[in-house]
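Morning, everyone, and thanks for coming along. I have one model to walk you through today, so let me put it up on the screen.

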Amino acid sequence: MSQHQHQQHTHANSSSNANIPVSEVYWSLVDKADKKFSKIRDLPFYERQRYDTYFYKVFKVYTQLWKFQQENRQKLVEAGLKRWEIGEIASRIAQLYFGQYMRTSEASYLSESYIFYEAILTREYFKEGLFQDLNLANKQLRFLARFLMVCLVFNKREMVNQLVGQLKLLVDECKKTFQDTDFKEWKLVVQEINRFLKADTAFMNTRPLRYSLALDPHTDTLPRVAASITNRNLRLRDAILSSYHHNEVKFSELTLDAFRMLQCLEWEPSGSFYQSPGTKLGACAHSRTNHSQDIVDHTLPPNPRKAVLYRPSVTHFVAVLATICEELPPDGVLLLYLSASGRGRSPSSLSAGVGAFSDATENIARNLQTVAISSDETSCITFRSVSNDVPPSGQSKGDCMHHRSPCLQFGNRNNGGSNCIYPCDLLPFTRRPLVLIIDSDSSMAFEAIHGAEKGEPAALLLSPRSLAPTVAPDFSRFPGGSLFTVFLTAPLQAFCILLGFSSSEIHMEVFNKAEKMLSSSLNDWGLALATSDSLNPVWAQTLNDPFLRRLLIRFLFCQAVLSLYIPTSGKEEFLPKCLPSLPKSVMPTSVAVQSVVRQIASIFSVDKKFNFSEAIPVSESGESESESISSS
């Protein structure tokens with residue numbers, strides 16, 4: 001087609017479009033956008049390239065739709081456009097942004113979602129005729145619940161509290177107005193968010209869970225590992241986060257443990273948007289763009305991508321894991337965080353001595369190593385149960401999903417091994433760099449992976465098998481989440497929980513003093529690791545990543561505290577484990593590590609609850625300035 005013919009064709013199309021009523025063009029765009037939105041909603045989070053491509057296509061349509069209704073608002077209103085229909089478009093755009101944030105972990109998408117939802121709230125798009133139309137009432141309820149999720153993840157607690165109040169009030173009003181309708185599900189939503197906020201208190205968020213350059217070391221200042229130990233410098237590019245516990249604390253499909261880990265693997269937002277959360281945004285696209293860019297520090301690496309899986313089937317979990325491993329960049333490492341109850345051991349075995357469990361773990365390790373050495377065709381192995389029922393002597397092959405094999409339970413216990421994740425399920429994925437965090441009473445079964453990897457040695461952080469006996473009674477596994485996960489995400493709060501302190505008993509001046517001491521000490525431990533001649537290359541190659549480094553040194557604090565705390569000292573079932581082993585200089589037996597724990601214990605006046613070596617002195621500052629945490 002010549003340029004002249006193209007211009008004539010374009011002019012003809014413009015003329016024909018001009019003859020179409022504005023309302024018809026609008027509803028055609030709405031229909032097109034709805035169809036694309038339905039398709040993208042069904043795409044899995046983990047198919048990175050496919051989703052990203054489709055997101056921009058869908059977003060282009062909604063941008064066109066939003067702009068069209070703005071430019072033709074008066075004509076559309078005259079043609080019958082309702083305010084709630086405008087709100088519906090804004091809500092869809094906000095959902096697109098939040099979905100893209102969950103898939104990419106880019107903070108700018110989260111802020112854009114917040115901005116659109118806030119505009120819907122302030123302009124009250126769904127309010128007109130709310131109590132005359134049940135469909136409209138449900139739209140407002142869904143909007144409030146979605147905005148609540150965004151505010152939780154974005155840590156906008158003032159807005160969270162405001163929205164919870166509005167949600168509860170609206171549910172109560174709807175029950176009175178629409179008496180023939182059962183609002184039981186919405187009552188459960190209100191109960192769920194109240195339970196979540198009761199567990200995730202202000203004390204648990206004394207400092208941001210995200211990596212804050214105001215509180216954590218800047219990446220430029222992190223000590224580098226000597227090239228003689230490793231030349232690899234891996235970065236945390238992807239993470240899979242999943243937890244499954246009966247009656248666990250959650251909101252919608254975000255569990256408390258996954259919520260904490262998600263934040264722990266991101267940079268804290270910066271800039272004027274974060275500093276001024278009350279600013280009214282959303283009126284101007286230019287303003288939105290500026291603020292979205294302002295919260296991101298472009299001198300920092302991007303947030304690692306995260307796939308947050310809510311109660312996945314094992315086949316879905318394996319599909320996600322395989323896809324992410326396939327797409328992992330050459331310099332990338334994958335973090336796999338699994339929090340679930342174990343299976344394969346009776347409750348009594350938790351306190352039945354360590355010997356039987358150690359024997360079982362050694363047997364699992366021997367079998368996994370046999371598999372690693374043999375051909376890949378050997379796809380399953382036999383585990384010895386922790387009970388005395390041992391497979392026949394000499395049996396080296398069999399079903400790795402034996403009904404008594406230690407594993408993680410990700411579903412109904414009545415479905416045999418189909419809902420269980422076993423150590424051998426993860427072996428094929430050790431061909432790529434993997435950091436594995438297992439938070440379970442069956443965590444030590446995964447020790448068997450060490451030495452049986454298929455190509456890349458895995459780094460393992462394994463939780464204690466049993467909860468410390470003196471943890472405050474109101475902090476059992478489910479009301480407050482996992483104590484091990486709290487140690488990794490909010491270590492000083494975990495220390496206080498372990499000692500049985502409630503938030504009302506703690507003076508913030510004392511807490512801040514201990515926080516400053518701990519932060520400085522953890523940085524020293526990071527330096528000790530980086531300069532150690534005996535640091536295993538598996539850890540050395542990941543130590544330059546700020547997120548993995550912080551998790552590792554917090555694990556050291558957890559290990560030190562539980563090893564020195566008298567009720568758990570010397571009892572393996574209460575102690576976490578790290579594989580490969582770390583240098584002795586950062587182990588709980590070292591003077592430097594014990595000195596740090598003693599100083600922090602002294603600040604809280606609880607040093608007598610720990611079993612320190614006689615050679616460990618109390619610092620003069622800690623001893624003379626230690627204050628009681630009791631507010632009474």
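I'll go through some helix packing, then a cavity, and then two spots in the backbone. Please keep in mind throughout that this is a predicted model.

Let's begin with helix H7, residues 134-153, and its two partners. A quick reminder of the vocabulary: a pair of packed helices is described by the angle between their axes and by the distance between those axes.

The partner I'll take up now is helix H8, residues 157-177. H7 and H8 pack at an angle of about 160°, and their axes are 9 Å apart. Angles over 145 degrees count as roughly antiparallel, so that is how H7 runs relative to H8. The crossing of this pair is left-handed.

Which residues of H7 meet H8? On the H7 side we have Ala 137, Gln 140, Leu 141, Leu 144, Phe 147, Leu 148, Cys 151 and Leu 152. Facing them from H8 are residues including Met 159, Val 160, Leu 163, Leu 167, Leu 170 and Cys 174. By class, this contact between H7 and H8 has 15 nonpolar, two polar and one charged residues.

While we're here, have a look at the loop between H7 and H8, where you'll find Asn 155. Asn 155 is not a glycine, and yet it has a positive phi of about 60°.

Now the other partner of H7, which is helix H9, residues 184-199. Here the packing angle is about 15°, with the axes 12 Å apart. That makes H7 roughly parallel to H9. H7 passes H9 in a left-handed crossing. From H7, the contact uses Asn 138, Leu 141, Arg 142, Ala 145, Leu 148 and Leu 152, and H9 brings Trp 186, Ile 193, Phe 196 and Leu 197. Those residues divide into eight nonpolar, one polar and one charged. If you were listening for repeats, Leu 141, Leu 148 and Leu 152 take part in the contact with H8 and in the contact with H9.

Let's move along the chain to H18, residues 508-531, and H21, residues 591-603. Their axes come within 9 Å and cross at roughly 175°. H18 and H21 are therefore roughly antiparallel to each other. H18 puts in Val 510, Lys 513, Ala 514, Met 517, Leu 518, Ser 521 and Trp 525, while H21 answers with Val 593, Val 596, Gln 599, Ile 600 and Ile 603. The class count for this contact is nine nonpolar, two polar and one charged residues.

H18 comes up again when we turn to empty space. The structure holds five cavities of 30 Å³ or more, and the largest of them has about 180 Å³ of space. What lies nearest the centre of that largest cavity? Of its 19 lining residues, the answer is Arg 207, Asp 216, Leu 522, Arg 550 and Arg 554. Helices H17 (491-498), H18 and H20 (546-564) are the elements that each give two or more residues to the lining. H18 gives the most, with five. Overall, the lining has nine nonpolar, four polar and six charged residues.

One last stop in the backbone. Leu 579 and Pro 580 are joined by a cis peptide bond, with omega at about -5°. Pro 580 is found in the loop between strand E11, residues 577-579, and H21, the helix we just saw against H18.

That's my tour, and I'm happy to go back to any view.

Conventions: Residues numbered from 1 in each chain as written. Predicted model: local features only at pLDDT ≥ 70, side-chain atom pairs only at ≥ 80, totals over all residues. Heavy atoms only, no water. Axes fitted to C-alpha atoms, helices over the stretch in contact; angles between N-to-C directions. Helix = DSSP H or I, 4+ residues; strand = E, 2+ residues; numbered from the N terminus. Parallel < 35°, antiparallel > 145°, perpendicular 65-115°, else oblique. Left-handed = near helix turned anticlockwise from the far one by under 90°. Contact = heavy atoms within 4.5 Å. Nonpolar A, V, L, I, M, F, W, Y, C, P; charged D, E, K, R; others polar. 1 Å grid on protein atoms, 1.4 Å probe; cavity = no way out; pocket = protein on both sides within 12 Å on 5 of 7 lines; lining within 4 Å. Points joined across faces, edges and corners; volume = space filled by probe spheres on them.
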